[in-house]
Amino acid sequence: MKRFVLPVFCAGLLAGLLIMNFGKSVLLDNTGFFDAYTLYRIRDMSVDQNALFYFVFRKRILGIVAMAVLSTTYLGLAACLGGVFWYGMSAGAFVTALALRYGIKGILLAVVCLLPQYLVYVPALLFFLRWAEEVYRGIYSRSGGAFAAEDKSFLVKKSGQLIAVLSAFAIGCLMEAYINPMLLVGYLKIF
């Protein structure tokens with residue numbers, strides 16, 4: 001799977017870029033998606049950081065838990081690669097939309113929107129993908145997929161690693177809720 005992650009992400013990135021370029025009249029015009037009015041409202045609003053944290057935490061952790069559960073099924077690898085494609089497509093559409101609207105300033109806005117939480121999310125997600133592949137292979141490369149008594153150490157090790165991934169995502173959620181809004185509002189004031 002390691003050799004497929006980057007090509008699948010790049011394919012998703014290209015798909016997002018093409019979708020946004022070909023559908024810009026439908027997806028960008030009169031939709032409010034990062035238009036000037038929306039950015040001014042974001043700049044002038046106050047953020048309830050506690051509510052934002054709970055919203056982001058629930059969304060991120062539920063996504064990771066769902067992918068962890070899916071990694072224990074026959075569709076585990078396909079689900080992980082589908083998630084990688086989705087992340088690539090989302091990133092491509094997001095950056096392209098901001099670049100089409102604002103040019104270089106839009107690309108800088110995209111970077112500000114992603115910092116600092118993605119400095120934690122990306123390594124955690126890459127580790128999680130490796131974890132998911134190891135869990136999948138650990139289950140389905142055995143005869144009949146059954147666990148024996150000696151496999152308890154495998155389960156304990158993988159459970160500990162999943163807790164580490166969830167902890168990293170929780171730290172990313174804290175950054176997304178408490179640090180990123182200040183950076184975003186600060187950038188929008190000079191935008």
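Me: What counts as a helix here, and what comes just after H5?
Reply: A helix is a DSSP run of H or I with at least four residues, numbered from the N terminus, and in this predicted model Gly103, just after H5, takes a positive phi of about 70 degrees.

Me: How do you know that the span of helix H5 agrees with its number of residues?
Reply: At 1.5 Å a residue, the 27 residues of H5 (residues 76-102) should span 39 Å, and the end C-alpha atoms are 39 Å apart, so the two values agree.

Me: What makes residues of H1 such as Val5 and Gly12 count as buried?
Reply: Buried means under 20% relative accessible area, and the residues of H1 that meet this cut-off are Val5, Val8, Gly12, Ala15, Gly16 and Met20.

Me: Why are these buried residues said to line one face of H1?
Reply: Seen down the axis of H1, the buried residues fall within an arc of 120 degrees, and therefore they line one face of the helix. They pack against helix H2 (24-27), H5 and helix H7 (118-140), whereas the face turned away from the buried side carries the exposed residues Arg3, Leu6 and Phe22.

Me: What makes up the lining of the largest pocket, and how do its residues divide?
Reply: The largest pocket holds about 1,600 Å³ of space, and of the 41 residues that line it, the closest to its centre are Arg60, Tyr87, Leu114, Tyr118 and Glu176. H5 gives the most to this lining, with nine residues, and the lining residues divide into 33 nonpolar, five polar and three charged.

Methods
Residues are numbered from 1 along each chain as its sequence is written. This is a predicted model: local features need pLDDT of at least 70, side-chain atom pairs count only at pLDDT 80 or more; totals for chains, interfaces and linings use all residues. Side-chain values use heavy atoms; hydrogens and water are left out. Helices (H or I, at least four residues) and strands (E, at least two) are DSSP runs, numbered from the N terminus. The expected span of a helix is 1.5 Å times one less than its number of residues. Buried means under 20% relative accessible area, exposed over 50%, partly exposed in between (1.4 Å probe, protein chains only). The arc is that of the directions from the helix axis to the C-beta atoms. Contact means heavy atoms within 4.5 Å. On a 1 Å grid over the protein atoms alone, a cavity is a set of points where a 1.4 Å probe fits but cannot get out, and a pocket is an open set with protein on both sides within 12 Å along at least five of seven lines; lining residues have an atom within 4 Å of a point. Grid points are joined across faces, edges and corners, and a volume is the space filled by probe spheres set on the points. Ala, Val, Leu, Ile, Met, Phe, Trp, Tyr, Cys and Pro count as nonpolar, Asp, Glu, Lys and Arg as charged, and the others, Gly among them, as polar.
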